[in-house]
Amino acid sequence: MEPLIPDGAYCLFRAGSALAGTRNGRIVLVRSSGINDPDTESSLTIKRYFSTKEEDHETGWRHREIRLVPENPDFETIILTPEDEEDFKVIAEFMKILEN
């Protein structure tokens, strides 16, 4: 997430009820069991979250697409579809970088 989060920085995240409501535009920590971050080859990634939703007659709405966008333009956006939803979880929201 450079330049926002320097490589090797210690960061503060919050989870639980902090994730309620829209996540659009938030920087989040995501774990994926089925999709690895192509840049880090890890099941964890920190990216800016954007989603588009559509009406669902059973649940009210569903995600059409989730985009996990890096701050650094040298890295690729991860695009998730409804088929991917069971394979990933937003774990926490980024709050700040901790001072050493």
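A: Let's start with the term itself: a salt bridge is a side-chain nitrogen of Lys or Arg within 4 Å of a carboxyl oxygen of Asp or Glu. Everything below refers to a predicted model.

Q: What makes Arg26 and Glu93 a salt bridge?
A: Their closest N and O atoms are 3.7 Å apart. The cut-off is 4 Å, so the pair qualifies. Arg26 lies in the loop between β1 (11-14) and β2, while Glu93 sits in strand β6, so the bridge ties together parts that are 67 residues apart in sequence. Both Arg26 and Glu93 are buried.

Q: Why is the contact between Glu71 and Arg48 called a salt bridge?
A: Here the N to O distance is 2.8 Å, and the rule asks for a value within 4 Å, so the name fits. This pair also links distant parts of the chain: Glu71 is in the loop between β4 (60-69) and β5 (78-80), and Arg48 is in strand β3, 23 residues apart.

Q: Why are Glu71 and Arg48 called partly exposed?
A: Glu71 has a relative accessible area of 30%, and Arg48 comes to 23%. Buried means under 20% and exposed means over 50%, so Glu71 falls in between, and so does Arg48.

Q: What makes Arg67 and Glu65 a salt bridge?
A: The closest N and O atoms of Arg67 and Glu65 are 3.7 Å apart, and the limit is 4 Å, so this pair counts too. Arg67 is partly exposed at 32%, and Glu65 is partly exposed at 27%.

Q: How many salt bridges does the rule give?
A: The count comes to five.

Q: Why is Ser33 called exposed?
A: Its relative accessible area is 55%, and the exposed class begins over 50%, so Ser33 belongs there. You will find Ser33 in the loop between β2 (27-32) and β3 (44-56).

Q: What makes Met95 partly exposed?
A: Met95, in strand β6 (residues 88-97), has 36% relative accessibility. That value is between the 20% and 50% limits, so partly exposed is the right label.

Q: Which residues form a nonpolar patch on the surface, and how does Met95 pass the accessibility cut-off for a patch?
A: The patch is made of Tyr10, Leu12, Met95 and Leu98, with about 380 Å² of accessible area together. A patch residue needs over 30% relative accessible area; Met95 is at 36%, so it passes that cut-off.

Methods:
Residues numbered from 1 in each chain as written. Predicted model: local features only at pLDDT ≥ 70, side-chain atom pairs only at ≥ 80, totals over all residues. Heavy atoms only, no water. Helix = DSSP H or I, 4+ residues; strand = E, 2+ residues; numbered from the N terminus. Buried < 20%, exposed > 50% of the residue type's maximum accessible area, 1.4 Å probe, protein only. Patch = residues over 30% accessible without salt bridge, like charges linked within 9 Å, V, L, I, M, F, W, Y side chains within 5 Å. Areas by Shrake-Rupley, 256 points an atom, 1.4 Å probe, with all protein chains shown as cover.
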